[in-house]
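Please walk me through this structure, from the overall fold down to a few local features. A plain account will do.

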Amino acid sequence: MAKSLRHWLSQIEEKFPGEFARTSQEVMPSKFEASAIMECLERQAQYPAVLFERARDIEGNPTSFRLLMNTFATVPKIGSALDLAQPTRVEVMERYMKMQSSPKDVTVVEKNEAPVKEVIWTGSEVNLERLPIPRTNEMDGGPYLTPIVVARHHKTGRYNVSWNRCMVIDRNHLGIWMSPRHLWTYFMAAEEDGKSLPIAIVLGHHPAFFLVGAGLTKLDQDEYRVAGGVMGEGLEVTPSESLGSELLVPAQAEIILEGEIVRDRRTIEGPFGEFTGYNGPQRLSWLVEVKAVTARHDGIIVGVFGGHQENLYAHYPIQADIYANVRAVIPNVVDISWVDSGGPLNMIISLKKKTEGEQLRAAMAAFSQSNFIKHVILVDDDIDPGNLKQVMWAVATRVQSDRDVNVLKGMQGQVLDPSLEHEIRGAGLIIDATKPTDRAYAIKAQPPEEIVRKVDLTQIFSPVR
Ligand SMILES: Cc1cc2nc3c(=O)[nH]c(=O)nc-3n(C[C@H](O)[C@H](O)[C@H](O)COP(=O)(O)O)c2cc1C
């Protein structure tokens, strides 16, 4: 059976207790009622994926369509999307990089074999307000989708798969945000030739398919094939309603909006709760006209909890890419922590330092990978970079600030960082909390490790009666 979101949900429900919850409580997501529940869970440090089974649509009517939030909020959930049971951060990053570099051809299925064709709306039937689309954070400019957008290059025929938020404007229009990456490149090339860009907006699918949308794939790679690699099987696709075989769409998707990014048109989009945890500004963005909607019965919308933990964790493929590239330069790097590091702009790198100064080269390699990185803390391999208590202990006991802190002035920053004074120019910081290699250093106070390892607490304490 081909991989689908339902397939994954049944797996986590059965095998990952605490990672999934379903509710039949009636909610109106467009009035913040779903995100308010997610906020309460997050305040208690609980991050289950939540399936809202009785949601109302934007118009306020009951609908059989459903909403899923926090799909990506924890390492076990991301690991399970990649068929890993209880992975470490490094195992998830290595698995993602391995799978994305083994692309697989798509499998084309007939429309009548494609679950996403169970419901079809065309022409005047198209009405986005009949879907349970959430407004997540108070300032959001409208109900927002956080879908995967599929586009086919009008000249090369290659498919791009990317994560782009879309704000509902009316029953058949959306405002889409594209940073100047591949989807933007595809659109600009089409617009230059006087064309709109046909797209398929995938509202729900297996989480491995979504992760591909976050990855930093190369422009000349066909991302449908990369999706096959990451999913571990060729992606099942089927002809679209609007363009037939000219635009193949994922057959196992939950809901797909078919349409185009309209040439020579722009629209107001935003504000939107960003991954930084702050509301990002309203912008002049691009207009999408939706021409057809196809769906499974009771189709599920994957709604990312913007500005919260899930939003950061969905960036795991980017973290994996940074990890692989930093290790390619400095192989002694053993782990990195970016999404767990207390903020998306901080990165902690642990390494088994062999020579003095190589740790700074690792920091520079990270900076050169992504302008998402503003502060780098370097630690030795006895420190878990995902454990902020350990990291702060290393900073407290291994750093002298006149010697171990470097400030990089005038570096390109991230436009969404609210602390920038200039639009994009900012500063970088490196804190070197590694021990010196050229002199003896104070030894950590603890009982001998080989004796600690022999202790089995279950044999020592009897259960409480
Ligand atoms: C949850 C989530 C939402 C995102 N939303 C957007 C967005 O609205 N616009 C954008 O340009 N990038 C967004 N990104 C980042 C892109 O997915 C990422 O840069 C990706 O590599 C773009 O793919 P592409 O280079 O193939 O266009 C988002 C990432 C995540 C994880």
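The secondary structure of this predicted model consists of 14 helices and 23 strands. The chain has a radius of gyration of 23 Å, close to the 23 Å that the globule rule gives for 465 residues, so the chain is as compact as a globular protein of that length. Along the principal axes, its C-alpha atoms occupy a box of roughly 75 × 65 × 40 Å.

Of the 465 residues in the chain, 55% are buried. Among contacts with a separation of 6 or more, 71% join residues that lie 24 or more positions apart. The accessible surface of the chain is about 20,700 Å², and carbon and sulfur atoms contribute 50% of that area.

One element to look at in detail is strand E19, which covers residues 333–337. Four of the five residues in E19 are buried, so the strand is mostly covered. E19 pairs with strand E20, residues 346–351, in the antiparallel sense, and four bridges connect the two. One of the residues involved is Ile336, whose bridge partner in E20 is Ile349.

The other local feature is on the surface. Val455, Leu457, Ile460 and Phe461 make up a nonpolar patch there, with a combined accessible area of about 430 Å². Val455 sits in the loop that runs between helix H13 (449–453) and helix H14 (457–460). Is Val455 buried or exposed? Its relative accessibility is 45%, so Val455 counts as partly exposed, a class that falls between the cut-offs of under 20% for buried and over 50% for exposed.

How values were computed. Residues numbered from 1 in each chain as written. Predicted model: local features only at pLDDT ≥ 70, side-chain atom pairs only at ≥ 80, totals over all residues. Heavy atoms only, no water. Patch = residues over 30% accessible without salt bridge, like charges linked within 9 Å, V, L, I, M, F, W, Y side chains within 5 Å. Areas by Shrake-Rupley, 256 points an atom, 1.4 Å probe, with all protein chains shown as cover. Salt bridge = Lys/Arg side-chain N within 4 Å of Asp/Glu carboxyl O. Buried < 20%, exposed > 50% of the residue type's maximum accessible area, 1.4 Å probe, protein only. Rg over C-alpha atoms; globule rule 2.2 N^0.38 Å. Contact = heavy atoms within 4.5 Å. Pairing = 2+ DSSP bridges.
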